[in-house]
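Please open the model in your viewer and keep the sequence panel beside it, since this tour moves from one selection to the next.

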Amino acid sequence: RALSHVRAVLLGLTLFFGLVVWVFHSMGTTTVRAPNFIFKLRGVGVLTWLYALVQMIDLRFYNSRFAQRRRAQIRIPDSLSGWLLGQMLAWFGIVYYGLTEDLRWYVAGLVIFVLSFWAFPVEGRAVGSADDSARGS
């Protein structure tokens, strides 16, 4: 099925670019960043995590009017939306790791990304299916 291939590509790209950053850091010299920069980057990370987790929980469990409106506008399956929100956390971790050499944000994002495969299975229904009208009404 097409969504299974999309899921594999998303995971493969996330792991590949994490590996590229790891190789880059293992071969290069260490760059020291200003503490103020790291503090601001962590603030962006916290906001990114809050946004993604709230959206994933809303999409999976609550189905608020915001989730319904987003679903109607973007017209992609809920499973793909959930995976992309999970991937956003892993990609922020890649950027953070690339700039600070701190692997924790990437590992945590990768864990949430993999958990999104469980929370939003491939068998999820597409937008506009018969189950969509019954959900949250």
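Which side chain meets that of Asp102 in a salt bridge? Bear in mind first that what you are looking at is a predicted model. Now select Asp102 together with Arg104, and you will find that these two side chains meet in a salt bridge, with 2.8 Å from N to O. The two partners sit in unlike surroundings: Asp102 is buried because its relative accessible area is 13%, and the cut-off for buried is under 20%. Arg104, on the other hand, has a relative accessibility of 61% and therefore counts as exposed, a class that begins over 50%.

Next, select Arg71 and Asp78, which form another salt bridge, and here the closest N and O atoms are 2.8 Å apart. In this pair both Asp78 and Arg71 are buried. You can stop looking for salt bridges at this point, as a search of the whole structure finds 2 of them.

Now clear the selection and switch to a cartoon view of the whole chain. The chain holds 6 helices and 0 strands, and if you follow it along the sequence you will read the pattern α-α-α-α-α-α. Colouring the residues by accessibility is a useful next step: of the 137 residues in the chain, 38% are buried.

From there, go to the largest pocket, whose volume is about 180 Å³. To display its lining, select Leu53, Met56, Ile57, Arg60 and Phe61, and then add Ile112, Leu115, Ser116, Trp118, Ala119 and Phe120. The elements that contribute two or more residues to this lining are α2 (35-62) and α5 (104-119). If you colour the lining of the largest pocket by class, you should see 9 nonpolar residues, 1 polar residue and 1 charged residue.

For the last stop, show the surface and select Val9, Leu13, Phe16, Phe17 and Val20. Together these residues form a nonpolar patch on the surface, and their accessible area adds up to about 420 Å². Where in the fold does Val9 belong? Val9 lies in helix α1, which covers residues 2-27. Is Val9 buried, exposed or partly exposed? With a relative accessibility of 48%, Val9 counts as partly exposed, because that class lies between the cut-offs of 20% and 50%.

Key
Residues numbered from 1 in each chain as written. Predicted model: local features only at pLDDT ≥ 70, side-chain atom pairs only at ≥ 80, totals over all residues. Heavy atoms only, no water. Patch = residues over 30% accessible without salt bridge, like charges linked within 9 Å, V, L, I, M, F, W, Y side chains within 5 Å. Areas by Shrake-Rupley, 256 points an atom, 1.4 Å probe, with all protein chains shown as cover. Salt bridge = Lys/Arg side-chain N within 4 Å of Asp/Glu carboxyl O. Helix = DSSP H or I, 4+ residues; strand = E, 2+ residues; numbered from the N terminus. Buried < 20%, exposed > 50% of the residue type's maximum accessible area, 1.4 Å probe, protein only. 1 Å grid on protein atoms, 1.4 Å probe; cavity = no way out; pocket = protein on both sides within 12 Å on 5 of 7 lines; lining within 4 Å. Points joined across faces, edges and corners; volume = space filled by probe spheres on them. Nonpolar A, V, L, I, M, F, W, Y, C, P; charged D, E, K, R; others polar.
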